[in-house]
Amino acid sequence: MLSLNSLIWLIPLPPLVAFMLIVLLTNKRKGLSHWIALGGAGLSFLVSMIVFVKAITTRGLAESPLGSAINWLPAAEKWLKIGVVVDPLSAVVLFFVAWTELMIFIYSIGYHNYGQPAGKEDRAGLPPHGAEVREHGKTHKVPSIEPMYARFFAFISVFAFAMLLLVLSDNLLTLYIGWEIMGFCSYFLIGFWYGKDSARRAAVKAFITTRIGDVFMLLGIAALYTLTGTLNFREIFHNPETMSMLTNTLSPVFHLSWAGLIGVLLFMGTIGKSAQFPLHVWLPDAMEGPTPVSAMIHAATMVSAGVYLVLRTFPLLSAGWSPEGALTVPMTAMAVVGAFTALFAATIAVAQNDVKRVLAYSTISQLGYMIAALGIGAYTAAAFHLVTHAFFKALLFLGSGSIIHGMEHGVLHTGEHVDPQDMRNMGGLRTKMPVTFWTFVAGGLALSGFPLITAGFWSKDEILSGAFNGGHLAVFITLAVAALLTAFYTARQITLVFLGQPRTKAAEHASENKPVMTVPLSILAFFAIVIGWVGIPKAFPGLGHFSPAWFQTFVGLMLPETAAEEGHSPVPLLTSLVVALGGLALGWWVYRKFKDAHAKDPLEIGVKPVFKVLQNKYFVDEFYQKYIINPCLWFADKVVYQFLDKTVIDGALHGIAALGMKLGNLLRFGFDLPVVNGAGDGLAGGTRGLGGLLRKVQTGKVQQYMTIALASIVVIGLIILSFVISS
Amino acid sequence: MIPLSWFLILSAILFIIGLFAVITRKNSIAILLGIELMLNAANINIITFWRYLYAPSGNLDGIILALMVFVVAAAETAVGLGLILSVYRRRKTVVADDLDTLKG
């Protein structure tokens, strides 16, 4: 019997095995591939649920979490250990990751048109164009299966592995490994339709932008390891000596304490991964990927990983902070960046027309919420919003995928050339796609914080009351305005997509999707509503008496000292009621009469210059293009390539080569040819000449030889004789 | 008694005649004849020195040496004539100047 602690190791592995099986063996078999991927995800889902149930029923989970560690790499005298841990935080994160991933896996089967014929013009690297089918004597177009179906499942499997690895890691190193594998998968999946130029660009943009954050994060990890000699969360955070050393030692940068510096560096990783300002630009472009990818990577899991990181390292980020005291530097940074991003992204979302882009900016905004909440010390509220957001945002993304899919069906059916993602081309989908409509409304209400029944209300209210009661009025007001805008753009989206009459023929012929897509939507909708009920605060008027406030108690165990029960002031509650309902009503009211797909946006008529700025996302991309990317390209081209590479390095190399040639020629013509060759040739020539000379003597005539011999003897005789005589 | 030098002069004249024949005659056989003359001139020398210097003591070495020279001369003539005959069969000539295949 496997012990529970070793069972945890098995959670991340099935998707990895599935990835390898698909890539190596079954990549030609579409059906088999998705069964393998689904099996992997399902297995880790089952184990996750077993572990989750065990975790929530264990007493003292925070002090003695489930998990185990093994020696991994020898580092000098010590071993670098890796291990898995399930404590209250990773348990709740594991819960939503396991659920959303499984739902998205199932949904992907339908989204990629499994069971449909292959289109004649479909190419790997491009979205399927649809196939022609003859039925009842008529030819009509139907959606066609994705050409790279197996590849998709392979990538989301390895992605699921990385996310689970990250969640279950008990140390920063394996967390970082999971973090980077996800970055890599994100790159591949955003560029999944690599035949499209925009997708390629988006993939590169996402990869490079998040990399900027990752580099700082790696620096933080390296600094932490250098100072403490370990990367294990518990060994660092539960060791008062280490913590006080980190808090009280000054780092060489800006008079920050080491805890502050490392906190800021780690938070920069989060800025990249969770798409916070100013590194938020990659997330909207990442919508180029298939919608399940947007749901999984860019809503429910990978971007949550950034928030998860700051939740994980919160003891470090908040080192030296007490609920009454001033915020630490990393917390201040988080509060400012988070609150600003929440408002900033919400305003952009108001002016977007692409159904997925609205959600992308909404995701950025909601992540900003969590970061801001954590920045003001509302730890459980941030964790709570992370969980609820993952469910309702995954739901909304899958819902938007369902809308697009339905619209594509309509586009194929009518042959009309309209963008199936543009909300202005939709309208009236309520009756065409009822399941999508109701689930989308559930998600949308949760997102906008519809009071009492939706999960988003409870978590958002927690954050607002945390900000208000903590005395961070600026953060409170910013977040409240962002919440108002959130409700507004959600109502705008629902109104434009589902209400009113169809504005195009394609929308008229849109149809509901198969159960393989609608069932995951329904399950996620269920969570989008009820998951909030586990965290109804005790102080809430009326309902609070019946609530065990389970979430706050459970996740609150993560903090060393439980924060004092705060009084629930009516101000934040009223505020969240007003902004949610007011925003929803306003959004519906403004867009209720939007009739024509080519009509101007009502806001554009009202406040044109502002709308233009919002529609262009405050020109941040253009700003980056002009002041960062172009100078970088200029530098790369002119300085590095033309000057450094072409002139200096190539010049030096060519110079050396030319010098070598010269020297060689000099030696060749100066020494080798005249001296060495000359000597050899001269010897041979001399010998030949001498031979030629001597051969004349060799006449072959015996008598001449005899005469010469005689003459020689006479001469030699005379010489000897002369010597004899003279001596 | 005839003085020693007369024999030596006779021997020298005979040797010169032989040498002259060897160097100047075209016919190979005549060259062989010249060689015979030179050998016999040497023999006269040998016998003469033996007779005047060693015979009184009863030493017979000189005669034996002369006999050896006869044997060698006979053998040499036999081989030489054989070669000349063989050459004549192939080349239909016995002129020494024509036999120059060893020319360099």
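**Exercise 1.** How many residues does the contact take from chain B and from chain A?

*Solution.* Residues are numbered from 1 along each chain as its sequence is written, and chains are lettered from A and ligands numbered from 1 in the order in which they are written. This is a predicted model, where local features need pLDDT of at least 70, side-chain atom pairs count only at pLDDT 80 or more, and totals for chains, interfaces and linings use all residues. Two residues are in contact if their C-beta atoms, placed from the backbone, lie within 7 Å. Chain B gives nine residues and chain A gives nine residues. On the side of chain B that touches chain A, four are nonpolar, two polar and three charged. The classes are nonpolar (Ala, Val, Leu, Ile, Met, Phe, Trp, Tyr, Cys and Pro), charged (Asp, Glu, Lys and Arg) and polar (the others, Gly among them). For the complex, the predictor gives an ipTM of 0.84 and a pTM of 0.76.

**Exercise 2.** Explain why chain B is described as more spread out than a compact globule.

*Solution.* Start with the secondary structure: chain B has three helices and zero strands. Helices (H or I, at least four residues) and strands (E, at least two) are DSSP runs, numbered from the N terminus. Next, compare two values: the radius of gyration of chain B is 17 Å, well over the 13 Å that the globule rule gives for 104 residues, so chain B is more spread out than a compact globule. The radius is taken over C-alpha atoms, and the globule rule is 2.2 Å times the number of residues to the power 0.38. Along the principal axes, the C-alpha atoms of chain B fill a box of roughly 55 × 25 × 25 Å.

**Exercise 3.** Place A:Gly470 in chain A and decide whether this residue is buried or exposed.

*Solution.* A:Gly470 sits in the loop between α20 (455-469) and α21 (473-498) of chain A. A residue is buried if 20 or more other C-beta atoms lie within 10 Å of its own, exposed if 12 or fewer, and partly exposed in between, with C-beta atoms placed from the backbone. A:Gly470 has 20 C-beta neighbours inside 10 Å, so A:Gly470 counts as buried. Leaving out residues up to four places away in sequence, A:Gly470 touches A:Ile376 and A:Gly377.

**Exercise 4.** Check the length of α21(A) and say how enclosed this helix is.

*Solution.* The expected span is 1.5 Å times one less than the number of residues. For the 26 residues of α21(A) this gives 38 Å, and the end C-alpha atoms are 37 Å apart, which agrees. Of the 26 residues, 22 are buried, so α21(A) is largely enclosed by the rest of the structure.
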